[in-house]
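Work through the exercises below with the sequence and the model at hand, trying each task before reading its solution.

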Amino acid sequence: MEEKKILEVEVLETSYDMIKALKGVSLSALSGKLTCILGPNGAGKSTLLFTLAGILNSDRGKVIFDGEDITNQKTNDLVKKGLALVPENRLIFPHLTVKENLLAGAYARLAKERDTVEKDISTMYARFPVLKERSSQLGGTMSGGEQQMLAVARALMSKPKLLLMDEPSVGLAPMIVNEIFSIIKQLNAEGISIVLVEQNASKALEIGDYFYLLDQGKQIFG
């Protein structure tokens, strides 16, 4: 039985002003699998995720998500469709508490699903016990590893069909990196489709199902 493609990217090109950062990238991700995007600094990895997440508009190409053409749709609409991004350097809301950050992750669901959202926060606390301990603490006062867990939990609060993760190990101590990769592996084992951008190739190779390699905006493997 052929496995379902949850994401298809066709000849994608994205620019910053006059600089073309993506030069015709094509790839796909299968439902329930962990797809890794590898490459050096400046390869276009983050640009790819930003384009997929609606933060950047592409110049050319097509993005198909869960059977629908979502090319250049707005980020908030993509979140509602089930696409969530865990950005590089966490980018949690530093002046909000842990719980407020989690509620922000579920903003698209709050109006109609308040009771369910509260249950999901309890689920996040069970998955990441340190977040329960820090529930009333401002996000910006937490350690890098704790903020990364909060960033992942915040994205999960949107109930994503596909989780985009941008360099989740950056700036973290080796022990914390191992913990973060264990969390990613567990999430994928639970059936969450993940596209992971990562410079730590050795760790990515340990957990990934499929791999693509970018260099200077071009896809050179995969």
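**Exercise 1: a hairpin and its neighbour**

Glutamate 13 stands opposite arginine 60 in strand 4. The model is a predicted one, in which local features need pLDDT of at least 70 and side-chain atom pairs count only at pLDDT 80 or more, while totals for chains, interfaces and linings use all residues. Residues are numbered from 1 along each chain as its sequence is written, and side-chain values use heavy atoms, with hydrogens and water left out.

Task: determine how strand 4 pairs with strand 1 and with strand 5.

Solution. Begin with the terms: helices (H or I, at least four residues) and strands (E, at least two) are DSSP runs numbered from the N terminus, and two strands pair if DSSP finds at least two bridges between them. Strand 1 (residues 5-16) and strand 4 (residues 60-65) run antiparallel and are joined by 5 bridges. Strand 4 also runs antiparallel to strand 5 (residues 68-69), with 2 bridges between them, and phenylalanine 65 has glutamate 68 in strand 5 as its bridge partner. The hairpin of strand 4 and strand 5 has 2 residues between the strands, and there aspartate 66 takes a positive phi near 50 degrees.

**Exercise 2: the open sheet**

Task: give the strand order of the open sheet, and then place helix 1 and helix 6 relative to its strands.

Solution. The sheet consists of 6 strands in the order 6-7-8-3-9-10, with mixed pairing. Its edge strands are strand 6 (83-86) and strand 10 (218-221), each of which pairs on one side only. Strand 6 pairs with strand 7 (residues 162-166) in the parallel sense over 4 bridges, and alanine 84 has leucine 163 in strand 7 as its bridge partner. Angles run from 0 to 180 degrees between N-to-C directions, the axes being lines fitted to C-alpha atoms, for helices over the stretch in contact (heavy atoms within 4.5 Å). Helix 1 (residues 45-52) lies across strands including strand 7, to which it runs at about 145 degrees, whereas helix 6 lies across strand 6 and strand 7, running at about 170 degrees to strand 6.

**Exercise 3: a lysine and a ring**

Task: is lysine 203 buried or exposed, and which ring does its charged end sit over?

Solution. Lysine 203 lies in helix 8 (residues 201-207). Its relative accessible area is 15%, so lysine 203 is buried (under 20%; exposed is over 50%, partly exposed in between, with a 1.4 Å probe and protein chains only). Leaving out residues up to four places away in sequence, lysine 203 touches Val177, Asn178 and Phe181. The charged end of lysine 203 sits over the ring of phenylalanine 181, 5.9 Å from its centre, where the criterion is NZ of Lys or CZ of Arg within 6 Å of the ring centre and within 35 degrees of the ring normal.
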